[in-house]
Amino acid sequence: MIEKELRDAGVDQQRRTSGAAMDLLLHWATPEIGVRGSGNLMEARDLMREGVPHLVVANHISNADGPVIKDVFATYQLPDPVFLVGLKLNQQWFTRFMASGVNGIPVWPDTLEPLTESDKDKKSQVNARAAQASKMVLEVGHPLVVFPEGTRSRSAQLKEANPKVSRYM
């Protein structure tokens with residue numbers, strides 16, 4: 001039932017990425033990743049089991065962030081996270097591959113300029129649907145993951161949050 005509600009809300013649940021291919025890539029690309037604050041994850045798991053909605057705010061440093069976070073959530077038996085995913089990720093094969101390994105709500109970021117009046121309308125529709133889907137995700141008990149900077153941090157340091165990211169929620 002929850003999966004249908006997420007699909008109806010606009011969450012892209014297509015699992016085009018092979019689990020084995022993603023596992024191999026994550027093992028190769030992220031051998032040094034560790035989890036800090038695992039006690040927080042265990043507390044979050046207990047709260048989610050009680051029905052408390054969770055908005056997860058993460059520092060975005062790599063195209064592998066989504067699959068890595070999803071894997072960590074699975075390890076700690078947390079519900080499958082849903083990510084806000086910028087449409088720009090579909091422009092290159094690697095970012096499209098990485099984004100296809102997670103449940104995502106498409107958003108039209110400010111860094112992707114609409115070229116026509118029709119594109120402006122589409123941007124408005126995509127982002128309105130993202131706000132509705134974000135609310136639904138939280139209501140049905142899945143954690144919603146956002147990267148508040150609205151882009152990757154090239155220095156791995158947390159950048160100032162982009163206030164415009166909040167309109168997708």
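Visitor: Which residues of helix 3 are buried?

Guide: This is a predicted model, in which local features need pLDDT of at least 70, side-chain atom pairs count only at pLDDT 80 or more, and totals for chains, interfaces and linings use all residues. Residues are numbered from 1 along each chain as its sequence is written, and side-chain values use heavy atoms, with hydrogens and water left out. Helices (H or I, at least four residues) and strands (E, at least two) are DSSP runs numbered from the N terminus, while buried means under 20% relative accessible area, exposed over 50% and partly exposed in between (1.4 Å probe, protein chains only). In helix 3, the buried residues are L41, A44, R45 and M48.

Visitor: How many degrees does the arc of these buried residues cover around the axis of helix 3?

Guide: The arc is that of the directions from the helix axis to the C-beta atoms. The buried residues lie on the same side of helix 3, because their arc is only 105 degrees.

Visitor: How far apart are the end C-alpha atoms of helix 3?

Guide: The expected span of a helix is 1.5 Å times one less than its number of residues. Helix 3 (residues 38-49) has 12 residues and should therefore span 16 Å. The distance between its end C-alpha atoms agrees with this, being 17 Å.

Visitor: With which residue does R45 form a salt bridge?

Guide: A salt bridge is a side-chain nitrogen of Lys or Arg within 4 Å of a carboxyl oxygen of Asp or Glu, and the structure holds six of them. R45 is buried, at a relative accessible area of 17%, whereas its partner is partly exposed, at 38%. With the closest N and O atoms 3.8 Å apart, the partner of R45 is D46.

Visitor: Why are E117 and K120 separated by about one helical turn?

Guide: An α-helix has 3.6 residues a turn, so residues three or four places apart point the same way. The side chains of E117 and K120 meet in a salt bridge at 3.3 Å, N to O. E117 is exposed, at 56%, and K120 is partly exposed, at 43%. The separation of about one turn arises because both residues lie in helix 6 and their spacing is three residues.

Visitor: Which residues are joined into one network by salt bridges that share partners?

Guide: One salt bridge, at 3.1 Å from N to O, links the side chains of D110 and K123. D110 belongs to the loop between strand 3 (103-107) and helix 6 (117-139) and K123 to helix 6, so this pair ties together parts that are 13 residues apart in sequence. D110 is partly exposed, at 25%, but K123 is buried, at 16%. Through shared partners, the network joins D110, K123, K164 and R167.

Visitor: How many residues apart in sequence are the parts that F83 and F147 tie together?

Guide: Rings of Phe, Tyr and Trp (its six-membered ring) pair if their centres lie within 6.5 Å, and planes under 30 degrees apart count as stacked, over 60 as edge-to-face and the rest as tilted. A search of the whole structure finds one aromatic pair, and F83 and F147 are stacked because their centres are 6.4 Å apart and their planes at 25 degrees. F83 lies in strand 2 (residues 82-86) and F147 in the segment after strand 4 (144-146), so the separation of these parts in sequence, in residues, is 64.

Visitor: Is F83 buried or exposed?

Guide: The relative accessibility of F83 is 2%. Its ring partner F147, at 12%, is buried. At its own value, F83 counts as buried.
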